[in-house]
Amino acid sequence: MKKLLVTAIAGIVLLAGGSSAHAFKLAIIAFQMSSETHARVANAAFAAAKAKGWDVQILNSEGSLPKHAEQIEAMIQAKPDGLIIAMGKPVEADAQLAAAKKAGIPVITTVAGTSPHTLFDIQVNDYQIGAQAALYLLSKLNYRGEILTERYENNVASRIRGKILDAVLSENTAVKVLGSHSMARTASWQEDVRNGMQALVLQNRGKFQGIWASFDGQAYVIDDILRAQGMKKGDVALVSIDGGPESSRRIADPDSLLTATVSIPFEKMGAAAVEAMDEIVVKKTPKDKVVQGPYLWMDAVLVDAANVAQMK
């Protein structure tokens, strides 16, 4: 009788434990996992959710707006407890996000922009970041000389950074832009950057002292071009934006010409999205106790030879 009682109690405890230990189901949709920054956010969110024991999956929209919309719709049918979208498109996916809200699925976005249908967006100030990069580059030239620029007009963050560069240049007329290439939105964008910037470098060899790139992926291609041309660290100042392990490695590498980057904390963004989901959805903390307004702002840090050893 005693053995039966113990077994029964153990069964009740197990049942209660199973009921209370229901794993929170989190879906993560990254707009384009082939982009390092999108992958860094999504993978960091995945790791943070797994560390909490959550049931988590990552979907990749592969840069396709139709697929992005379809994946949000699929998640509405799957009914996860929460959805994190890395670098999503809230305007284009407005109908899908509205449907998610109606279905009671809380959504947090990162570096995407706000939406009335989401909890909030985790963001950095690209106007401030653009100013940091532009002013650092000009300071390396002592506000006098010639530069080349690699732009990208089809992304709002890159476009803002370029506009801030133009504003800085308009007030510092001793710095001239000798040539500029604008990256096309193609699957082979690295080749497009390589072809465009290689032509500019060859046309203006020996005439420029600095290069500005709108994001680090472009800067890696440019760095390789400059090295192939026999240029050495310090010959020109190459400044970009995004940060991360590869950027830090190049800045520290004596053979690389990458001078500095403004490092955006993409991993912290992914982890912060999970923490906020935990606080608001799981722990039922009022949203305004977690974030004020539609944005959670995070700081970027300029990284150069002076502080690259401290970056992880």
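How many helices and strands are there in the protein? The predicted model has 11 helices and 12 strands. The legends below take them view by view.

**View 1. The whole chain in the predicted model.** The C-alpha trace spans about 90 × 40 × 35 Å along its principal axes. The protein has 312 residues, and 49% of them count as buried. Take the contacts with a separation of 6 or more: residues 24 or more positions apart account for 72% of these.

**View 2. An open, parallel sheet of 6 strands.** The strand order is 2-1-3-4-5-11. Strand 2 (55–60) and strand 11 (295–297) are the edge strands, and each pairs on one side only. On average, neighbouring strands of this sheet are turned by 20° against each other, direction ignored. Pairing within a sheet runs through backbone hydrogen bonds, parallel or antiparallel.

**View 3. Strand 3 (residues 82–86) and its two partners, strand 1 and strand 4.** Strand 1 (residues 25–30) pairs with strand 3 in the parallel sense, over 5 bridges. Here A27 has L83 as its bridge partner. Strand 4 also runs parallel to strand 3, joined by 4 bridges. L83 turns up again in this pairing, standing opposite V107 of strand 4.

Is strand 3 enclosed or open to its surroundings? 5 of its 5 residues are buried, so strand 3 is largely enclosed by the rest of the structure. Both faces are covered. G82, I84 and A86 are buried on one side. L83 and I85 are buried on the other.

**View 4. Helix 2 (residues 36–51), its span and its packing.** What span should the 16 residues of helix 2 have at 1.5 Å a residue? The expected value is 22 Å, and the end C-alpha atoms are 22 Å apart, which agrees. The buried residues of helix 2 are T37, H38, A39, R40, V41, A42, A44, A45, A48 and A49. These residues pack against strand 1, strand 2, strand 3 and strand 4 (107–110). They also pack against strand 9 (237–242) and helix 10 (266–282). After helix 2 comes G53, with a positive phi near 80°.

**View 5. Q71 in helix 3 (residues 65–78).** Is Q71 buried or exposed? Its relative accessible area is 10%; buried means under 20%, so Q71 is buried. Which residues does Q71 touch, leaving aside those up to four places away in sequence? They are I29, L59, N60 and S61. I29 falls within strand 1 (residues 25–30). L59 and N60 fall within strand 2 (55–60).

**View 6. A second open sheet of 6 strands, with mixed pairing.** The order is 7-6-8-9-10-12. The edge strands are strand 7 (175–182) and strand 12 (301–303), each pairing on one side only. Neighbouring strands here are turned by 20° against each other on average, direction ignored. Strand 6 (residues 145–151) runs parallel to strand 7, and 7 bridges join the two. One bridge of this pairing has S182 in strand 7 as the partner of R151.

**View 7. Helix 5 (residues 126–140) against helix 6 (residues 156–170) and across strands.** At what angle do the axes of helix 5 and helix 6 cross? They cross at roughly 45° and come within 8 Å. An angle of that kind makes helix 5 oblique to helix 6. The crossing is right-handed. On the helix 5 side, the meeting residues are D126, Y127, G130, A131, A134, L135 and L138. On the helix 6 side they are A157, I160, R161, I164, L165, V168 and L169.

Helix 5 also lies across strand 6, strand 7, strand 8 (210–213), strand 9, strand 10 (258–263) and strand 12. Helix 5 runs at about 170° to strand 9.

Notes
Residues numbered from 1 in each chain as written. Predicted model: local features only at pLDDT ≥ 70, side-chain atom pairs only at ≥ 80, totals over all residues. Heavy atoms only, no water. Pairing = 2+ DSSP bridges. Axes fitted to C-alpha atoms, helices over the stretch in contact; angles between N-to-C directions. Expected span 1.5 Å × (residues − 1). Buried < 20%, exposed > 50% of the residue type's maximum accessible area, 1.4 Å probe, protein only. Contact = heavy atoms within 4.5 Å. Parallel < 35°, antiparallel > 145°, perpendicular 65-115°, else oblique. Left-handed = near helix turned anticlockwise from the far one by under 90°.
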